[in-house]
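Hi,

Here's the structure I promised to pass on. Have a look at it first, and my notes on what turned up are underneath.

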Amino acid sequence: MSKLLVTGRKKLSGEVSVQGAKNSALPILAAVLLTKGESVIYNCPALSDVEASVNILRYLGCKAERSGQTLVINTDGFNRSDIPDSLMCKTRSSIMFLGAVLARSGKAKLSFPGGCEIGLRPIDMHLDALSKLGAEINERHGCLECSAPYGLRGNKISLPFPSVGATEHIIIAACLSGGTTTLTNAAREPEIVDLADFLNACGAKIYGAGEGVIVIDGVSSLSGCAHSVIPDRIVAATFMSAAAATGSSIVLGDLVPAHLGAVIPLFEDAGCKIKTEKCKLKISAPKRLKPFRTVSTMPYPGFPTDAQAPVMAAACVAGGTSFFIENIFENRFRHTRELARMGAKIMTEGRVCVVEGRDRLYGAKVEATDLRGAAALVVAALCAEGQTTIGSLHYLERGYENLELSLSSLGADIKKI
């Protein structure tokens with residue numbers, strides 16, 4: 001199994017491009033199933049989660065070919081309505097295929113999805129919404145057997161929480177339904193806007209994506225299109241954390257600064273100087289960060305839960321005490337145990353984490369516990385004295401494409417073995 005070897009305390013400099021967004025590419029790949037013909041997805045990152053979705057498409061009879069950052073998918077061969085557990089368990093976003101398959105074929109059979117164990121992520125909202133759209137759902141022996149004997153029909157749906165996954169799933173399922181679906185308390189993340197932009201380019205009629213109320217007028221069919229995935233704001237926040245932790249100055253290219261509206265002020269308050277242009281961001285960190293004070297994760301446009309772990313790693317070497325409040329997932333502090341092995345002073349109580357900055361961290365053998373926790377360990381290793389060995393890289397590879405190569409290009413001493 002692969003590991004990362006990182007020798008820390010190296011200054012970073014230069015420019016690096018931000019990859020396409022994992023959390024945008026995955027729902028788009030499920031939505032491709034709604035279309036007829038060929039779709040070309042540009043800026044699609046080569047990640048294990050993306051590959052898992054591509055394998056599902058192939059199992060369902062679609063053709064999918066990758067060339068660099070471009071995926072070409074043809075759905076004309078779609079001929080199945082079941083997805084085996086061996087494919088469903090690879091990624092949490094596989095649940096999106098339920099609505100897509102159901103909308104396309106009128107029936108679907110699949111198991112529950114997999115993903116990182118960062119806390120309860122129930123799919124009740126997904127299933128309740130599909131039921132309101134006319135789906136009949138039965139759970140038998142760990143499998144979901146679904147049908148829409150009269151076709152999916154538009155309805156009014158109100159989410160108890162602005163869930164990103166549920167919002168995306170409802171959009172996908174409602175596109176080919178009869179009538180109009182009005183979704184209230186919808187999530188507002190940029191990835192939802194990207195999904196709607198893709199589907200609208202295919203012929204869908206989606207209004208209000210990125211706002212609290214989304215309206216979907218069902219259409220009879222969709223055609224494939226060409227679409228470029230937005231940049232990954234969480235990867236951008238990870239690079240910013242790496243620069244902040246090492247007292248470095250770097251430039252991030254191919255991003256959307258507006259997507260980092262809750263992240264940029266946090267780093268500025270910690271003493272970093274940030275300049276943004278149309279699609280670039282330059283971050284210059286002080287020799288030692290000020291504490292981050294209070295970081296409270298919230299739905300967009302609040303501070304993203306996915307950025308909490310790498311920012312916490314930078315806080316471990318700040319000059320003061322930082323407070324982290326996790327409001328989205330109840331089990332998202334698992335990486336703190338591994339950070340403590342590197343000398344970090346961290347105390348957790350429920351959803352609150354208190355980080356007392358130390359002068360330095362020390363290299364150690366650590367294991368990734370989940371995707372964003374893995375990124376936190378990389379950030380910590382970059383500023384730690386000596387060498388750090390990071391295991392369980394399969395977590396990191398779910399969301400970061402060749403992170404070691406990108407960091408090496410900035411001057412980090414990091415390699416995969």
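A cut-off first, since several points below lean on it: a residue is buried under 20% relative accessible area, exposed over 50%, and partly exposed in between. Also keep in mind that this is a predicted model.

**Salt bridges**

With that cut-off, take Asp-82: its relative accessible area is 23%, so it counts as partly exposed. Its side chain meets that of Arg-80 in a salt bridge, 3.0 Å from N to O. Arg-80 comes out at 34% relative accessibility, and is therefore partly exposed too.

How many salt bridges are there in total? The count comes to 17. A couple of others deserve a look. Arg-233 and Glu-191 meet through their side chains at 2.9 Å, N to O. That pair links distant parts of the chain, with Arg-233 in helix α8 (residues 233–246) and Glu-191 in helix α7 (residues 190–201), 42 residues apart. Are these two buried or exposed? Both Arg-233 and Glu-191 are buried.

Then there is Glu-397 with Lys-416, a salt bridge at 3.1 Å, N to O. Here too distant parts of the chain are linked: Glu-397 sits in the loop between β27 and α13 (403–409), Lys-416 is in strand β28, and 19 residues separate them in sequence. Glu-397 has 29% relative accessibility, so it is partly exposed, and Lys-416, at 37%, is partly exposed as well.

There's also a network of salt bridges, which links Lys-22, Asp-49 and Arg-398.

**The sheet with β28 in it**

Strand β28 belongs to an open sheet of 4 strands, ordered β25-β27-β1-β28, with mixed pairing. At the edges are β25 (365–367) and β28 (413–416), each of which pairs on one side only. On average, neighbouring strands here are turned by 20° against each other, direction ignored. Helix α12 (residues 371–383) packs on this sheet and touches β1 (4–7), β25, β27 and β28. The direction of α12 makes about 170° with that of β27.

Which way do β25 and β27 run relative to each other, parallel or antiparallel? They run parallel, and 3 bridges join β25 to β27 (residues 387–391). Within that pair, Lys-365 stands opposite Thr-389 of β27.

If you want a residue to click on in this sheet, try Leu-5, which lies in strand β1. Leu-5 has a relative accessible area of 14%, so it is buried. Leaving aside neighbours within four places in sequence, Leu-5 is in contact with Gln-387, Thr-388, Thr-389, Asp-413, Ile-414, Lys-415 and Ile-417. For a distance along the other direction, the C-alpha atoms of Leu-5 and Ile-250 are separated by 22 Å, with their positions 245 residues apart along the chain.

**Cores**

In soluble globular proteins, nonpolar side chains tend to be buried together. The largest nonpolar core in this model has 76 residues, and Met-240, Leu-252, Phe-267 and Phe-292 have the most contacts inside it. Helix α12 supplies the largest share of this core, 11 residues. Among the residues that Leu-252 touches, not counting those up to four places away in sequence, are Val-16, Val-18, Phe-239, Met-240 and Leu-281. A second, separate core has 75 residues, including Ala-25, Val-101, Leu-102 and Leu-159.

**Helix α2 and its surroundings**

Asp-49, from the salt-bridge network, is one of the buried residues of α2. The others are Val-50, Ala-52, Ser-53, Val-54, Ile-56 and Leu-57. What covers them? The elements include α1 (22–31), β5 (63–67), β6 (70–74), β7 (82–83), α3 (85–88) and α4 (96–105). The helix itself (residues 48–59) has 12 residues and reaches 16 Å from its first C-alpha to its last, close to the 16 Å expected at 1.5 Å a residue. Just after α2, Gly-61 takes a positive phi of about 105°.

Strand β6 also holds Asn-74, which has a relative accessible area of 22% and so is partly exposed. Not counting residues up to four places away in sequence, Asn-74 touches Gly-37, Glu-38, Cys-62 and Lys-63. Asn-74 and Ala-64 are 10 residues apart in sequence, and their C-alpha atoms are 6.5 Å apart in space.

Cheers

How values were computed
Residues are numbered from 1 along each chain as its sequence is written. This is a predicted model: local features need pLDDT of at least 70, side-chain atom pairs count only at pLDDT 80 or more; totals for chains, interfaces and linings use all residues. Side-chain values use heavy atoms; hydrogens and water are left out. Two strands pair if DSSP finds at least two bridges between them. Helices (H or I, at least four residues) and strands (E, at least two) are DSSP runs, numbered from the N terminus. Axes are lines fitted to C-alpha atoms, for helices over the stretch in contact, and angles run from 0 to 180 degrees between N-to-C directions. Contact means heavy atoms within 4.5 Å. A nonpolar core is a set of buried Ala, Val, Leu, Ile, Met, Phe, Trp, Tyr and Cys residues joined through side-chain atoms within 4.5 Å. Buried means under 20% relative accessible area, exposed over 50%, partly exposed in between (1.4 Å probe, protein chains only). The expected span of a helix is 1.5 Å times one less than its number of residues. A salt bridge is a side-chain nitrogen of Lys or Arg within 4 Å of a carboxyl oxygen of Asp or Glu.
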